[in-house]
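The exercises below are to be worked with the sequence and the model in view. Each task is followed by a solution in steps.

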Amino acid sequence: MASQSQIAAPPWLQVWLEAGREGQVFTYGNPQQIPVQPGDLVQVRLRGRRHSGLVVEALEDLPGELGARTLQPIESLLQAAAVTTRWQALIAQVAVHCHASRFLTLKSALPSAWLGQRAQRPAKAARPQWCIEGPLPGAESTRLTAAQGALLSSLEAAGGALPLVQLCGQGGHSRAVLAALERRALVRRVPLAAARPAVDSARRLNPEQSLACKAVLTAEPGSTLLLWGVTGAGKTEVYLQAAAAVLARGQSVLLLTPEIGLIPQLLDRARSRFADAVLEYHSGMADGERVASWRKALDPSQPRLVVGTRSAVFLPLPRLGLIVLDEEHDSSYKQESPMPCYHARDVAQMRAQQDGAVLLLGTATPSLETWQRCEIGEIALLKLPSRIGGRPLPPVRLVDMRQELAQGHRRLISRPLLDRLQQVGERREQAVVLVPRRGYRSFLSCRSCGEAVLCPHCDVALTVHRSKAGNQWLRCHWCDHRQNVSDRCSHCGSSAFKPFGAGTQRVVEQLAEDLPELRLLRFDRDSTRGRDGHRQLLQRFAAGEADVLVGTQMLAKGMDLPRVTLAAVLAADGLLHRPDLRASEQALQLMLQLAGRAGRAELPGEVLVQTYLPEHPVIAHLVSGDYGAFLAEELELRRRAALVPFARAALLRFAGPSASATATAAAAVASRLEPQVLEAGWCLIGPAPAPVARVAGRSRWQLLLHGPAGGAIPLPAEAELRGNLPAGVSLAIDPDPLAL
Ligand code: ADP
Ligand code: ZN
Ligand code: ZN
């Protein structure tokens with residue numbers, strides 16, 4: 001069989017389709033001599049139905065068993081040169097790793113506009129917000145009115161720029177005065193998102209950074225390194241300087257970050273150094289923008305630096321030299337659904353090995369998996385032991401909430417925290433306060449029967465939300481169902497409810513009561529809607545519009561603000577008590593990340609943690625700041641209990657219209673798998689209802705496979721098991737699940 005990619009219009013083509021047996025390749029003819037090549041997306045027919053597919057091979061001769069006359073023709077070319085040949089190999093490998101179909105993997109890796117996927121709704125564009133910059137240099141500033149002068153001095157005092165809302169809102173300056181100054185070119189208005197792009201240039205690396213950078217640039221192709229450095233140790237500087245060297249060699253770089261909210265500041269830094277070589281790729285972009293980035297990535301003539309989230313790991317860069325996966329411990333790198341349930345770190349490693357690139361993992365708090373691989377020498381360790389400029393890490397102070405209670409103080413915010421927040425306000429510094437949950441109240445419970453008010457479609461309690469005007473309603477954080485608070489209890493019909501637990505909205509309300517002089521901003525998924533909401537809110541905080549930022553986990557990630565001197569955790573216990581293998585690890589990572597927000601510049605920082613469990617080992621590690629000690633202890637615990645990473649697991653998630661149908665289907669799959677699983681020395685646990693047994697009206701069951709580390713998971717592809725399922729029941733296979 002001759003296989004040639006360069007025939008102008010090859011007569012036979014092999015195509016991957018969403019049909020047939022898993023792994024099946026379909027052969028088509030090309031009588032119209034359409035100039036189709038491997039890597040193109042085409043349209044074909046199969047059993048009378050139209051399908052889109054990927055051309056994986058061009059054939060000059062037909063394999064003997066195929067009769068030329070029976071072959072159907074390629075109908076049309078959809079996208080020329082959508083991917084590279086090497087990319088196809090990556091997809092095949094990821095599919096096998098995830099027990100997902102190759103086509104599904106292909107589809108989820110391509111820009112969603114292709115292969116007839118349901119176009120994703122682009123994030124709604126936010127109302128344009130303006131930033132006023134001034135006084136601008138060089139402009140004539142004589143003969144100013146008093147009001148004009150006052151406006152200019154407000155700008156000057158704020159460092160040369162203020163958001164319009166703040167200048168004319170709280171600032172009290174009139175819009176007419178602003179307009180007059182704009183006409184005289186003394187100030188100018190720029191979109192808030194584009195205001196004052198960070199001017200970032202390469203720093204002289206300190207000795208540890210230099211060593212790390214050199215190690216990355218001389219590492220064996222295909223190898224993995226871990227850069228472990230506390231927050232503010234200068235990891236990003238190492239990434240960017242290593243990237244510069246790789247680009248100079250004519251190779252491309254992937255720089256991955258777990259959170260879409262971290263993209264803007266990384267992009268700013270990257271663009272001010274590498275200008276047009278920088279590409280952006282993440283789910284916050286419109287389809288067309290993503291396709292444009294994909295196309296540019298394919299162009300072999302220009303090496304690129306891609307800044308993106310987990311899906312960017314699939315960008316088909318032809319000459320990849322380096323992949324940086326920042327915050328490698330972050331669970332956002334794992335795709336939980338839909339299939340393929342891949343971890344970007346695993347895909348990055350496959351890519352690095354296929355492309356002969358180097359994979360650099362960076363974090364202040366390595367995951368146990370990565371740390372264990374360091375210990376056995378699979379991953380080389382690079383350390384940045386201290387913060388840039390020798391700045392100390394902020395000390396952690398505990399507030400024992402039992403004592404607060406014993407002394408009759410029942411407020412959400414303890415007195416020590418109130419004192420510190422007040423100081424922060426007086427000194428014109430800033431604070432961030434972490435609250436585990438968004439909304440107003442965690443849930444309502446019925447005063448007569450005590451049952452919580454549940455979502456009618458899910459087995460979870462509804463969260464109370466509240467509008468600015470004080471209206472309350474209930475919302476499901478799983479399926480987005482909304483309903484009125486005044487509805488009757490579905491158990492006993494009573495209409496009197498008692499609220500429990502506090503969300504970000506409630507904390508803001510209480511802070512405003514306790515410390516009315518503080519200016520507060522809320523930072524959670526509700527307050528940062530829209531494409532640029534995240535960045536805009538942070539920019540308002542950075543511009544000094546508020547003293548305190550109250551937010552969810554989003555707060556802990558990446559923010560670098562010099563005036564933040566206090567980081568507070570309102571209810572540490574809520575983070576510790578999740579029934580999950582990784583609860584301790586994730587709680588400590590989150591709190592250390594949050595601590596890393598305080599005291600990053602000249603002003604010293606402090607961390608305050610409210611807890612009812614000051615003796616908890618995680619809290620002890622937080623106070624000592626010794627993450628290494630935690631790693632050693634936790635790894636020993638897991639070793640003794642033979643848990644991940646000293647074992648492997650896979651989770652089969654079933655969902656169906658009723659509990660009985662779903663349970664029956666899960667049991668059937670379990671008994672079909674049992675011989676194979678036991679033979680491989682693995683065990684089956686379940687099937688059992690999922691921790692949240694019903695979501696959006698679908699019942700959920702799960703089956704856990706547990707076995708020795710290092711071996712393959714004894715499971716066929718999902719497509720092979722699907723045949724055993726009744727209509728309406730779905731199955732997802734999650735290899736190495738993060739939540740157990
Ligand atoms: P990390 O990614 O580890 O949190 P960054 O690379 O963002 O740290 O560095 C923290 C701060 O220190 C940034 O403001 C950065 O510009 C600065 N910085 C990094 N390396 C150096 C250096 N070698 N000399 C001076 N400043 C540096
Ligand atoms: Zn009731
Ligand atoms: Zn719901």
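**Exercise 1. Determine whether His465 is buried or exposed, and describe its surroundings.**

Step 1. His465 is buried, because its relative accessible area is 2%; buried means under 20% relative accessible area, exposed over 50%, and partly exposed in between (1.4 Å probe, protein chains only).

Step 2. The residue belongs to strand 19 (residues 463-466). Strands (E, at least two residues) and helices (H or I, at least four) are DSSP runs, numbered from the N terminus.

Step 3. Its side chain makes a polar contact with the side chain of His477, at 2.9 Å. A polar contact is a pair of N or O atoms within 3.5 Å; within protein, one must be able to donate a hydrogen and the other to accept it, and residues adjacent in sequence count only if both atoms are side-chain atoms.

Step 4. Beyond residues up to four places away in sequence, His465 touches several residues, including Arg438, Tyr440, Trp473, Gln505 and Asp526. Contact here means heavy atoms within 4.5 Å.

A note on conventions: this is a predicted model, in which local features need pLDDT of at least 70 and side-chain atom pairs count only at pLDDT 80 or more, while totals for chains, interfaces and linings use all residues. Residues are numbered from 1 along each chain as its sequence is written, chains are lettered from A and ligands numbered from 1 in the order in which they are written, and side-chain values use heavy atoms, with hydrogens and water left out.

**Exercise 2. Identify the protein donors of the zinc ion (ligand 3) and state which arrangement they form.**

Step 1. The SG atoms of Cys455, Cys458, Cys476 and Cys479 lie 2.3 Å from the zinc ion (ligand 3) and are its protein donors. Donors are N, O and S atoms within 2.8 Å of the metal (3.2 Å for Na, K and Ca); water is not among the atoms, so sites may look incomplete.

Step 2. The arrangement is tetrahedral because the four donor atoms subtend angles of 106 to 111 degrees; four donors count as tetrahedral if all angles lie between 85 and 135 degrees.

Step 3. The spacing of these donor residues in sequence is C-x2-C-x17-C-x2-C.

Step 4. Cys476 is buried at 1% relative accessibility, whereas Cys479 is partly exposed, with a relative accessible area of 24%.

**Exercise 3. Carry out the analysis for the zinc ion (ligand 2), and state which parts of the chain Cys446 and Cys492 tie together.**

Step 1. Cys446, Cys449, Cys489 and Cys492 supply the SG donors, which lie 2.3 Å from the zinc ion (ligand 2).

Step 2. Angles of 100 to 115 degrees among the four donor atoms make this arrangement tetrahedral.

Step 3. The donor residues follow the spacing C-x2-C-x39-C-x2-C.

Step 4. Cys446 lies in strand 18 (residues 441-446) and Cys492 in the loop between strand 21 and strand 22 (497-502), so the pair ties together parts that are 46 residues apart in sequence.

Step 5. Cys446 is buried at 3% relative accessibility, while Cys492 is partly exposed at 38%.

**Exercise 4. Locate the cis peptide bonds at Pro135 and Pro687, and the positive phi values of His99 and Asp480.**

Step 1. As background, most residues other than glycine have a negative phi, and most peptide bonds are trans.

Step 2. Gly134 and Pro135 are joined by a cis peptide bond with omega of about -5 degrees; Pro135 is in the loop between strand 6 (130-133) and helix 3 (146-157).

Step 3. From Gly686 to Pro687 the bond is also cis, with omega near 10 degrees, and Pro687 lies in strand 28 (residues 683-695).

Step 4. His99 has a positive phi, near 55 degrees, in the loop between helix 1 (85-98) and helix 2 (102-109). With a relative accessible area of 9%, His99 is buried.

Step 5. Asp480 has a positive phi near 70 degrees and sits in the loop between strand 20 (472-475) and strand 21 (482-484). Asp480 is partly exposed, at 42% relative accessible area.

**Exercise 5. State which polar atoms lie by the oxygen atoms of ligand 1 at Arg203, Lys235 and Arg269.**

Step 1. A polar side-chain atom of Arg203 is 3.2 Å from an oxygen atom of ligand 1.

Step 2. For Lys235, a polar backbone atom lies 2.8 Å from a ligand 1 oxygen atom.

Step 3. For Arg269, a side-chain N or O atom is 3.0 Å from an oxygen atom of ligand 1.

Technical notes:
Tetrahedral: all angles 85-135°; square planar, octahedral: opposite > 155°, others 65-115°.
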